[in-house]
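Visitor: I should like a close look at one part of this structure, namely a charged pair and its surroundings. Please explain where the partners sit and how the pair fits into the rest of the chain.

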Amino acid sequence: MFAVPLSPARLRSVFLTQGAGSDIISTVEFNYSGELLATGDKGGRVVIFQREQESKNRPLSRGEYNVYSTFQSHEPEFDYLKSLEIEEKINKIRWLPQQNAAHFLLSTNDKTIKLWKISERDKRAEGYNLKDEDGRLRDPFRITTLRVPVLMPMDLMVEASPRRIFANAHTYHINSISVNSDHETYLSADDLRINLWHLEITDRSFNIVDIKPANMEELTEVITAAECHPHQCNVFVYSSSKGTIRLCDMRAAALCDRHSKFFEEPEDPSSRSFFSEIISSISDVKFSHSGRYMMTRDYLSVKVWDLNMENRPVETYQVHEYLRSKLCSLYENDCIFDKFECCWNGSDSAIMTGSYNNFFRMFDRNTRRDITLEASRENSKPRAMLKPRKVCTGGKRKKDEISVDSLDFNKKILHTAWHPKENVIAVAATNNLYIFQDKIN
């Protein structure tokens, strides 16, 4: 994979102007075919990009993504009973497998999940009997002939309409949604509970995990992420702020408080510090496409676990180990609480995750090679090669290296996505979306 460097397919820098901070991208997700890419932002909007088809006139246009549809998914709300503002920020987007010409996706903010239908319309009906062409109703007594309406071509319109709204099921903030492999149900997780929903039923859900103690002062951990198994609709996992992962089987019990498997890496006592518990908190968990492995991201590393081995991960990749000496300052500026996501490539042979200074890291699982790349408009022109970046931790700095002291911690890549079939990646850097692909010969 790294033999051919990644180059920008077409650099998409997305600025959605609607006030300060509202255009910060908060989630990125390809659909099952990879032809559509959805982003959500802090302003509650969803922007969908569609991949251009290659044409004879533009043979290299394949791989370019252009805006397909933009709509407001969530609005700010206020909970009058608790005197709490509910912000409109989109926490997660998940696509449903395409069943017909329309596309469906789930989007969620802190409290409410919505099912959206995205459909195209390029024809309109004309020649109504009870309406004039401008839409006004006709006097029924003046209708003397019967007309057959005809469909006339029109400019393509992409419509986004909410089909279901799943609300009032979470007391705490929703951090994950995951569509089940049966394509009929999905789960949603907040800090203390996980609920199972049917896509057709909005007024009730089944609580399948509840870790809330009777006395909240006894609370020692929270749920940080959850995901359904890609092939077994009865299996799901959830991670915790203590760095543990629990795999549950819904066939064993309706309430999955007792896990089937418990994944935890023993801590090295010699490396324990004040920050150990914070940096061991898992921010993301993802099953491999094959369903054999799962990947977890904590603050400093990415770990790959074999579902058949619970006592330790089979692979560990250091993302930015050079920050271990900076944990004190990262704690003071709250960066230590940043939640980085991770993703697999389509064949599960490589993984990707983000870092600071607009860097993102890619690891080849077969060769154990890794690379650091930077998403920035300054050094990334369309069709230009991306140069590997290196961070210097001390001593004499080489020409192409960047010192760990000059990293910009305000520039961070928390959200990434990998095309399900090809080497095309999407990287969200604050309010810019970058799309890169393998070099085109």
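Guide: Arginine 365 and glutamate 315 are both buried; in this predicted model, that word stands for a relative accessible area under 20%. The two side chains form a salt bridge, with an N to O distance of 2.8 Å. Arginine 365 is found in the loop between strand S26 (359-364) and strand S27 (370-374), while glutamate 315 belongs to strand S23 (residues 315-318), so the salt bridge ties together parts that lie 50 residues apart in sequence. Side chains of opposite charge can pair when their charged atoms come close.

This pair may be set beside others. The whole structure holds 21 salt bridges. One of them joins aspartate 210 to arginine 193, where the closest N and O atoms are 3.1 Å apart. Here too distant parts of the chain are linked: aspartate 210 lies in strand S15 (residues 206-210) and arginine 193 in strand S14 (residues 193-198), 17 residues apart. Aspartate 210 has a relative accessible area of 25% and is therefore partly exposed.

Another salt bridge connects arginine 324 with glutamate 321, and its closest N and O atoms are 2.5 Å apart. Arginine 324, with a relative accessible area of 39%, is partly exposed. Glutamate 321 also counts as partly exposed, because its relative accessibility is 33%. Elsewhere, Glu265, Asp298 and Lys303 are joined into one network by salt bridges that share partners.

The surroundings of these pairs can now be described. The protein chain contains two helices and 32 strands. Its radius of gyration is 24 Å, close to the 22 Å that the globule rule gives for 441 residues, so the protein chain is as compact as a globular protein of that length. Along the principal axes, the C-alpha trace spans about 90 × 60 × 40 Å. Of the 441 residues, 49% are buried.

Burial can also be followed along a single strand. In a regular strand the side chains alternate between the two faces of the sheet. From strand S30 (residues 415-418), His415 and Ala417 point one way, Thr416 and Trp418 point the other way, and all are buried. S30 pairs with strand S31 (residues 424-429) in the antiparallel sense over four bridges. Within this pairing, threonine 416 has valine 427 of S31 as its bridge partner. A hairpin of five residues leads from S30 to S31.

Strands also assemble into wider groups. Four strands, in the order S16-S17-S18-S19, make an open sheet with antiparallel pairing. Strand S16 (223-228) and strand S19 (261-263) stand at the edges with a single partner strand each, so one side of each is left without a neighbour in the sheet. From one strand to the next, the twist averages 20°. Inside the sheet, strand S17 (residues 235-240) and strand S18 (residues 245-249) are paired in the antiparallel sense over five bridges, and valine 235 stands opposite aspartate 249 in S18.

Finally, the surface offers a contrast with the buried pair. Phe274, Tyr331 and Phe337 make a nonpolar surface patch of about 330 Å². Phenylalanine 337 lies in the loop between helix H2 (327-332) and strand S24 (342-344), and with 42% relative accessibility it counts as partly exposed. Arginine 365 and glutamate 315, by comparison, are buried.

Terms used
Residues numbered from 1 in each chain as written. Predicted model: local features only at pLDDT ≥ 70, side-chain atom pairs only at ≥ 80, totals over all residues. Heavy atoms only, no water. Pairing = 2+ DSSP bridges. Axes fitted to C-alpha atoms, helices over the stretch in contact; angles between N-to-C directions. Patch = residues over 30% accessible without salt bridge, like charges linked within 9 Å, V, L, I, M, F, W, Y side chains within 5 Å. Areas by Shrake-Rupley, 256 points an atom, 1.4 Å probe, with all protein chains shown as cover. Salt bridge = Lys/Arg side-chain N within 4 Å of Asp/Glu carboxyl O. Buried < 20%, exposed > 50% of the residue type's maximum accessible area, 1.4 Å probe, protein only. Rg over C-alpha atoms; globule rule 2.2 N^0.38 Å.
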